[in-house]
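Here is a short walk through one protein model, written to be read with the structure open beside you. Feel free to rotate it as you go.

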Amino acid sequence: MGDAHGTAALGEVQYAQNQPLTRERVGIQMEKLGNTPYEWESLEIQMDDSVFVPMKLLNELRRQALAALEEEILQKYRRQEPASVSLAPSSAKKSVRKNIPIYVSCEDIETALALYKREGIRGMYLPFSAMKQCLKAGTDRGLEMYLALPHIIRGELPEGYLQQAREWLNQGMTGFLVRNLEAFAILQKEGLAENCVLDHSMYTWNNEAVAFWEGQKVLRDTIPLELNEGELRHRDNSHSEMLVYGYLPLMMSAQCVRKNVYRCDHNEGRVELKDRYDKKFTAACFCDPWKMENTGDKTPCYNIIYNSIPYGLLREREQVRKLGPAALRLSFTIEDQNEAVRILDEFVNVYQNEADPPQREYTKGHFKRGAE
Ligand SMILES: [Zn+2]
């Protein structure tokens, strides 16, 4: 591939107790380039004797190295040797990765259109209507595109939803952002578990839960917002995306604030609520949860009340990197487009261009709570 190169470092090599890994076995695993545009011209494997790593880790390593190579080719700004794989027992220390890919999620078309051309994004999570408008433009720019399913699902998917999603997968869509077990169950039944990214609402608080989801072969999960930094250091975050920006939901309810206060026309809208200290909270009314044209007023609304100040780990770059997440996410919900663009650029500058973080008012959620 010319002079592009991709590297990936992952997990830890163990000393084999009885069945060490052979060079041939590693070779077989690395040969599996499947439906990627690549083939090996030569494959050199450097490894010590008597080591062991699970096949799953080798697969992931291959996948990440190819992804890194791909990004390199797309960005065309570095030279260097061809992709190589090296295996050596590492110490207990995790390597701190600097260039962690950034994903963004948007709830509306305007924000999606304002963001997809910005530099520094690896992929986007979009609801149906926004996917319809942005898929081609996004994939043309090399972005991974994921269809975000609603936060609350009752009953089955609307007619045509899955058919359209499958068509989009054929056109280059990468997968789905899944926010509840109902959605995962439906997609798994359809054989689409391997296309799922789990949102932070899916339980993955400990390594057992993480391993369960790996067993389901999901693409990755999202680091739970309920754990603090100290607790996250004990979690395996190597298959997880970490939310570093977004208004956090304070409350989600399967009802309609607008209907309760005045009336709901099933157009999406927002209501501002004030607490007794006059603090303003935005309630986003998801009155057309599927964002399709054919669901009309048949689907029940749900509401999310967001915190008044957004969550943001803009000044915590080094702590975040030490946790070793596979990816970062900025979640845009109630911002206008200009604000979203400004926020994205700030995070890209801090996390990818090593810029000094500007002073902003962000909450740290549980991240800083009770951490050593
Ligand atoms: Zn409503």
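## Starting at Arg179

Where is the place of Arg179? Arg179 sits in the loop between β8 (175-178) and α6 (181-189). Keep in mind, here and below, that this is a predicted model.

Is Arg179 buried or exposed? Its relative accessibility is 7%, and buried means under 20%, so Arg179 counts as buried. The Arg179 side chain makes a polar contact with the side chain of Glu107, at 3.2 Å. Once neighbours within four places in sequence are set aside, Glu107 is also among the residues in contact with Arg179, and the others are Ala148, Leu149, Pro150, His151, Asp199, Ser201 and Met202.

## The zinc site

Let's move on to the metal. Four cysteines supply the protein donors of the zinc ion through their SG atoms: Cys256, Cys264, Cys287 and Cys301. These donors lie 2.2 to 2.4 Å from the zinc ion. In sequence, the spacing of the donor residues reads C-x7-C-x22-C-x13-C. Among them, Cys264 and Cys301 link distant parts of the chain, being 37 residues apart. Cys264 belongs to the loop between α9 (257-261) and β13 (269-274), while Cys301 belongs to the loop between β14 (280-286) and β15 (302-306). Both Cys264 and Cys301 are buried.

Why is the arrangement tetrahedral? The four donor atoms subtend angles of 104 to 117 degrees around the zinc ion, and that makes the arrangement tetrahedral. For reference, the ideal angle for four tetrahedral donors is 109.5 degrees.

## A four-stranded sheet

Two of the strands just named flank a loop that holds a zinc donor, Cys301, and they also take part in a sheet. This open sheet has four strands in the order β12-β15-β14-β13, with antiparallel pairing. At its edges stand β12 (249-253) and β13; each has a single partner strand, so one side of each is left without a neighbour in the sheet. On average, neighbouring strands here are turned by 20 degrees against each other, direction ignored.

How many bridges join β13 and β14? The two strands pair in the antiparallel sense over six bridges. Val271 stands opposite Ala283 in β14, and Lys274 has Lys280 in β14 as its bridge partner. The hairpin of β13 and β14 has five residues between the strands, and there Asp278 takes a positive phi near 70 degrees.

## Cys285 within β14

Cys285 is located in strand β14. With a relative accessible area of 2%, Cys285 is buried. Leaving aside neighbours within four places in sequence, Cys285 is in contact with Arg258, Glu268, Gly269, Val271, Tyr302 and Asn303. Val271 therefore appears twice in this picture, as a contact of Cys285 and as the residue opposite Ala283. For a sense of scale, the C-alpha atoms of Cys285 and Arg97 are 38 Å apart in space, and the two residues are 188 apart in sequence.

## Two lysines with positive phi

Most residues other than glycine have a negative phi, and two lysines are worth a look in that light. Lys217 has a positive phi near 65 degrees and is found in the loop between α7 (207-215) and β10 (221-222).

Lys291 has a positive phi near 55 degrees. Its place is in the loop between β14 and β15, the loop that also contains the zinc donor Cys301. Is Lys291 buried or exposed? Its relative accessible area is 11%, so Lys291 is buried.

Conventions. Residues numbered from 1 in each chain as written. Predicted model: local features only at pLDDT ≥ 70, side-chain atom pairs only at ≥ 80, totals over all residues. Heavy atoms only, no water. Donors = N, O, S within 2.8 Å, 3.2 Å for Na, K, Ca; no water. Tetrahedral: all angles 85-135°; square planar, octahedral: opposite > 155°, others 65-115°. Buried < 20%, exposed > 50% of the residue type's maximum accessible area, 1.4 Å probe, protein only. Polar contact = N/O pair within 3.5 Å; in protein donor to acceptor, adjacent residues only side chain to side chain. Contact = heavy atoms within 4.5 Å. Pairing = 2+ DSSP bridges. Axes fitted to C-alpha atoms, helices over the stretch in contact; angles between N-to-C directions.
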